[in-house]
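Hi everyone, thanks for coming. I'll take you through one fold today, so please get the picture up and follow along.

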Amino acid sequence: MKVLVVGATGDVGSAAAKTAVAKGHAVRALVRSTSNRDRLGEAKHKVEFVEGDMLDTASLERALEGMEAIIVSIRLTPGETKKGRAYKDVEEQGIKNLIAVGRKKGVKKIIHVSAAGVGPHCVSDMYSAKHQAEEAIRQSGLDYTIFKPSGMFKDFQFFHIPTVIKLGETSKWPTGPIDFHMNPLSHIDLAMCMVDALTNPKASSKTLEIGGPDCITQGDLLNMIAKEAGIKASYTEGVAKEQLIAMVKSNPQKAFFTAEQLQDFLIDKKIDHSVIQEIFGIKFQPVGEYLKQAVPAVKEALAKSGQQQAH
């Protein structure tokens, strides 16, 4: 199948592009002149690159010429924000542009990554844009599969693991609740499902909440990280969602997320993994297996950078 991958130099998008190449699809990637094409590894030699922008329909006309399907994995980046763009521009209007030009060019299928918890009830700019994008896809007349992941392993590597190591022996998680459930998964497994959905009739016209085989609380995750790191920590206390939101409202300048964004994505989510298993038949990586690889790597990186564990 001839597939345009949008977001092909990001974590999920590059994994999807590499998987699509390996599966024999003809892959074209929409990129910027500044995009790091090396993220695609050896697959970059088999990918056709077209420079463009989701908000520039002329470039989408070029990118979508002759394409049969679109795989989209995007997010609002700091670079986009510096241009004055918001979630509504990139994550909503960008998707609507892809749909409009895709229909004109004869595209039949769109694969899109959203997030668990996105829906009409959402109040933040981030999740409202994602919901409108989902709705536009469902009403597009194109065949589609929308994936809504519940926690990604790659995020643990950049936040949870280093934070647990730096906190050392403690019982309190200072950045949020510990009792919320999630079904985290590898972005590699997500990418495999995305590519399979191109031709899998079981995934046709579906909005799928997707997660790995382990349904765990944030506290479970933190304790697993501590154990793997050899830290005698037992996380039994967190910060309640309402308290965290109140803290952000009182001092928004210091917060990474807005109060509305926290309201939307701090949710208790239990996903039935057997549904995903039945559709795709892919054996997902368990959380524990991932942590055995990731925790030592993060510990080594922190040691090299001189960031020591708390005592």
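**Walking through the sheet and its helices**

Let's start with one pair of residues: Val3 has Val27 in strand 2 as its bridge partner. Right beside that, Leu4 stands opposite Arg28 in strand 2. Overall, strand 1 and strand 2 run parallel, joined by 5 bridges. When I say that two strands pair, I mean that DSSP finds at least two bridges between them. Helices (H or I, at least four residues) and strands (E, at least two) are DSSP runs, numbered from the N terminus.

Before I go on, a word on what you're looking at. This is a predicted model, where local features need pLDDT of at least 70 and side-chain atom pairs count only at pLDDT 80 or more, while totals for chains, interfaces and linings use all residues. Residues are numbered from 1 along each chain as its sequence is written, and side-chain values use heavy atoms, with hydrogens and water left out.

Okay, back to those strands. How many residues of strand 1 are buried? It's 4 of 5, so strand 1 is mostly covered, where buried means under 20% relative accessible area, exposed means over 50%, and partly exposed is in between, with a 1.4 Å probe and protein chains only. Strand 2 is largely enclosed by the rest of the structure, because 5 of its 6 residues are buried.

Now zoom out. The sheet is open, with 7 strands in the order 3-2-1-4-5-6-8, and the pairing is parallel. At the edges you'll find strand 3 (48–51) and strand 8 (206–210), each pairing on one side only. From one strand to the next, the twist averages 20°. For angles like that, axes are lines fitted to C-alpha atoms, for helices over the stretch in contact, and the angles run from 0 to 180 degrees between N-to-C directions.

Next, strand 4 and strand 5. Strand 4 is residues 69–72, strand 5 is residues 109–113, and they pair in the parallel sense over 4 bridges. One bridge to look for takes Ile71 to its partner Ile111 in strand 5.

What packs here? Helix 4 (residues 87–105) lies across strand 1 (2–6), strand 4 and strand 5, at about 170° to strand 4. Helix 5 (residues 125–138) also packs on the sheet, touching strand 5, strand 6 (143–149) and strand 8, and its direction makes about 155° with that of strand 6.

How do the two helices sit against each other? The axes of helix 4 and helix 5 come within 8 Å and cross at roughly 10°. Helix 4 and helix 5 are therefore roughly parallel to each other; angles under 35 degrees count as roughly parallel, over 145 as roughly antiparallel, 65 to 115 as roughly perpendicular and the rest as oblique. On the helix 4 side, the contact residues include Glu91, Ile95 and Ile99, and on the helix 5 side they include Ala129, Ala133 and Ile137. Contact, by the way, means heavy atoms within 4.5 Å. By class, that contact has 8 nonpolar, 1 polar and 6 charged residues. Ala, Val, Leu, Ile, Met, Phe, Trp, Tyr, Cys and Pro count as nonpolar, Asp, Glu, Lys and Arg as charged, and the others, Gly among them, as polar.

Here's a residue worth clicking on: His112, in strand 5. Is it buried or exposed? His112 is buried, at a relative accessible area of 5%. Leaving aside neighbours within four places in sequence, His112 is in contact with Val72, Ile95, Ala133, Ile137, Thr145, Ile146 and Phe147.

Another helix pair: helix 1 (residues 11–22) and helix 7 (residues 187–196) pack at an angle of about 50°, with their axes 8 Å apart. That makes helix 1 oblique to helix 7. The residues of this contact divide into 10 nonpolar, 2 polar and 1 charged.

Last, two loop residues. Arg37 lies in the loop between strand 2 (26–31) and strand 3, and at 29% relative accessibility Arg37 counts as partly exposed. Its contacts, beyond four places in sequence, are Thr9, Val31, Arg32, Lys44, Phe49 and Glu51. Ser205 sits in the loop between helix 7 and strand 8. Ser205 has a positive phi of about 55° although it is not a glycine, and at 41% relative accessibility Ser205 is partly exposed too.
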